[in-house]
Amino acid sequence: MKRSLILAILFGFMFAGGGMLLAKDSNFLGGFGQSVLRAFQTFKLPPSQKKASSLSSSKQTQTIIGKYMAGEIIVKFKKDSDSVVQSYIVQSAGGAITEAISEHGHSLVKIASVQSVEDAVSAYSNLPNVEYAQPNYIYHSTVQVPNDAKFAQQWSLHNTSQTVATGDYTTNNPGVAGSDMDMEHAWDISTDCTNTIVAVVDSGVNYNHDDLVGNMWSSSSCVSDTGRSLGNCIGYDYADNDKDPMDLAGHGTHVAGTIGAKGNNTIGVSGICWTAKIMPVRVLDAAGSGSTSNIMKGINFAARNGAKIINMSLGGPGFDSALDSAIVQAGTVYDVLVVVAAGNDGADVTDSTVGYPCASTAANLLCIAALDQSYALASFSNYNTTNVDIGAPGTNIVSTWAGQNTTVNVTDYSSWTLTNSSSSTGSSWGTSSCTINSTIYATLLLPNSCYITNGTGTPIVYNNNVSSYAYTTFSVPAGVDAVTASFYTFLSTEAGYDGVLVGYKSGTGNPFTPLNINLILDAMTGSLNGNFQEYSLKKCTGGSDCSFGFFFSSDSSFGGYGAAIVLTSWNYMDKDILNVYNTIDGTSMATPHVAGLATLIRSFNPLFTYQDTINLLTTKGDTLSLSSKIKYNLGADGYKTLGYLPTPAAPTVATVQ
């Protein structure tokens, strides 16, 4: 999640990495030996999935960035194979079935420790009785930059050409009066969504928020994603596998507020639905990341527990057959409409590296682009005339937030502990002030040269057999419920063999000694050009110390220009502050406008199916000037859709003779 306190750096200079990830010389790893090499292998990313948020305006080459879960894959077995056959097939390949994640033959499989994810996908795909195999992808919330806010500023619901004072998207702020969803007229028809459960499959929801607490769903007879009885619940948390879907990121709570913040209650903001039944399903962690399997389970949970609308403001790297199957089944079996975000790459979603699940062809899915305050396409919004259906407000959107966020920026790395393999040039971490796009930033470097960040000055190639650490300890304030670390990375290394591990631990000292693979957050190798990264530090809690850092390692051959780390930040979330609001941008913010409207439509006419709802949303709206960008060239309009619907007739009661 890119935060407003982190400056955007637009920079096109890029170094190319090379090489393939093979088990070769591991002597360079010193005491870590094969463990660190396996860490690099664990996080290996195939070339087809090269994608990351970036400080650069150009497309980046990226080899490893943690785009799918390590050590496991999803296998879809053919229809007629039973559990005994499935277990035998997987065991014969050296793996083990961890759990069945759908009724239709999908299983989560732990692969052999010596096997890469790519090799496992290839091997399992060729086994008898296997329909396909795929990685367990990691999804990321498609949020832009957080800020803060209130109701007269909700231009999306009633645009008076007001300036959104807390907004950071400057284009068309103020915009054009009337470029909105015309909800004031729509609310004359209905404000009540309680006939239809709407699920927010996201980072969770702060269900105690002052503006949401009265509009949350609960049940005394919940069932799990597989139909197992759970008893009482208010939702589910698949990130931590428990019944507490509390939001520790903010993203899901913002989405929920757009759909159903309590209306006409004198505080905060108004949702599309003034009264609602919002089902929180947590599938993304505090840093806004989650896997295919967890999102599938979240969809299945929502559908089994009666949700008819699912909002998924998230996106992944490419087509995902397993996730697609869950979306389709939610529609065909449970009549669920799934509303998803187009993504924030400013790109055409036909590009295989952006826009899934937007690129899904599932009949029960709507993909939403972001519009600005003049109902023009937002500069960051993805688009496509086949896959992106309609647009909705997505810039400077004011809504509820999960709690109090505090961000602490690292402005000086000189206090960090730098433990180096030798004092020779090209082996040691150092600190410097580097100029990037005409701005000077404190920078952590190995080797100590700004050449990697801006292409000027003296280039220095890092040495072979480097094992060097850079880390720091920081104190987490009391009352903090979640901690994330974020930074931007420039990297030029031999792909697969040399690179940087990112790690942390609760307490003080070197986070890499002893090495705990469970506390390795990522393994970066190859080429990165100012890529933004954010990680949840789950073991760091309020009132404790936390150690965080980087380990640079190289083998006995090749070399590059090393690594540079800039704009490191710690972000703290206190979920007990219940009256916080934020103003942020993204197709993530556009999506709940349509999900909320779909919920209002299906509540007003409970006889509507998902197809009826899609037909209405894609034929009734504001005509845009985007026929070359989105499929139906329409912007969401509450009055034009709800006003089209006749009030459902009372049912006819037959007289028994």
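Helices (H or I, at least four residues) and strands (E, at least two) are DSSP runs, numbered from the N terminus. With that in hand, welcome to a set of close-ups of a predicted model.

**View 1. Asn-172 sits in the loop between strand S4 (130–141) and H4.** Have a look at the backbone here: phi of Asn-172 is positive, about 55°, although the residue is not a glycine. Asn-172 counts as partly exposed because its relative accessibility is 28%.

**View 2. Asn-264, in the loop between H5 and strand S9 (275–282), is another stop for backbone angles.** Its phi is near 60°, a positive value in a residue other than glycine. At 66% relative accessibility, Asn-264 is exposed.

**View 3. Helices H5 (residues 251–260) and H9 cross at roughly 35°, their axes coming within 8 Å.** The crossing of H5 and H9 is right-handed. On the H5 side, the meeting residues are His-251, His-254, Val-255, Thr-258 and Ile-259, and H9 brings Ser-588, Met-589, Pro-592, His-593, Ala-595 and Gly-596. Sorted by class, the contact has 5 nonpolar and 6 polar residues, with no charged ones.

**View 4. Gly-596 of helix H9 (residues 587–604) takes the centre of this close-up.** With a relative accessible area of 0%, Gly-596 is buried. Setting aside residues up to four places away in sequence, Gly-596 touches Cys-193, Ile-259, Ile-272 and Cys-273. Thr-258 is worth picking out too: it is 338 residues from Gly-596 in sequence, yet the C-alpha atoms are 7.3 Å apart in space.

**View 5. Cys-193 and Cys-273, both seen touching Gly-596 in the previous view, are joined by a disulfide with sulfur atoms 2.0 Å apart.** The angle about the S-S bond is -75°, and the link is left-handed. Since Cys-193 lies in strand S5 and Cys-273 in the loop between H5 and S9, the pair ties together parts that are 80 residues apart in sequence. Cys-193 is buried at a relative accessible area of 0%, and Cys-273 counts as buried at 0% relative accessibility.

**View 6. Ser-190 occupies the loop between helix H4 (183–186) and strand S5 (192–202).** Its side chain reaches the backbone nitrogen of Asp-192 at 3.3 Å. Leaving out residues up to four places away in sequence, Ser-190 touches Leu-600, Phe-604 and Leu-642. Ser-190 is buried, with a relative accessible area of 11%.

**View 7. A disulfide joins Cys-434 to Cys-450, S to S 2.0 Å.** This link is left-handed, with -80° about the S-S bond. Cys-434 lies in strand S19 (residues 430–436) and Cys-450 in the loop between S20 and H8, so the bond ties together parts that are 16 residues apart in sequence. Cys-434 is buried at 0% relative accessible area, and Cys-450 counts as buried at 16%.

**View 8. Pro-447 and Pro-514 show cis peptide bonds.** The bond from Leu-446 to Pro-447 has omega near -10°, and Pro-447 is placed in the loop between strand S20 (439–446) and helix H8 (451–454). For the bond from Thr-513 to Pro-514, omega is near -5°; Pro-514 belongs to the loop between strand S23 (499–506) and strand S24 (520–525).

**View 9. Cys-540 and Cys-546 form a disulfide with sulfur atoms 1.8 Å apart.** Both cysteines are buried. Searching the whole structure gives 5 disulfides. Counting bonded cysteines along the chain, the pattern is 1-4, 2-3, 5-6, 7-8, 9-10.

Definitions and conventions
Residues numbered from 1 in each chain as written. Predicted model: local features only at pLDDT ≥ 70, side-chain atom pairs only at ≥ 80, totals over all residues. Heavy atoms only, no water. Buried < 20%, exposed > 50% of the residue type's maximum accessible area, 1.4 Å probe, protein only. Contact = heavy atoms within 4.5 Å. Polar contact = N/O pair within 3.5 Å; in protein donor to acceptor, adjacent residues only side chain to side chain. Axes fitted to C-alpha atoms, helices over the stretch in contact; angles between N-to-C directions. Left-handed = near helix turned anticlockwise from the far one by under 90°. Nonpolar A, V, L, I, M, F, W, Y, C, P; charged D, E, K, R; others polar. Disulfide = S-S within 2.5 Å.
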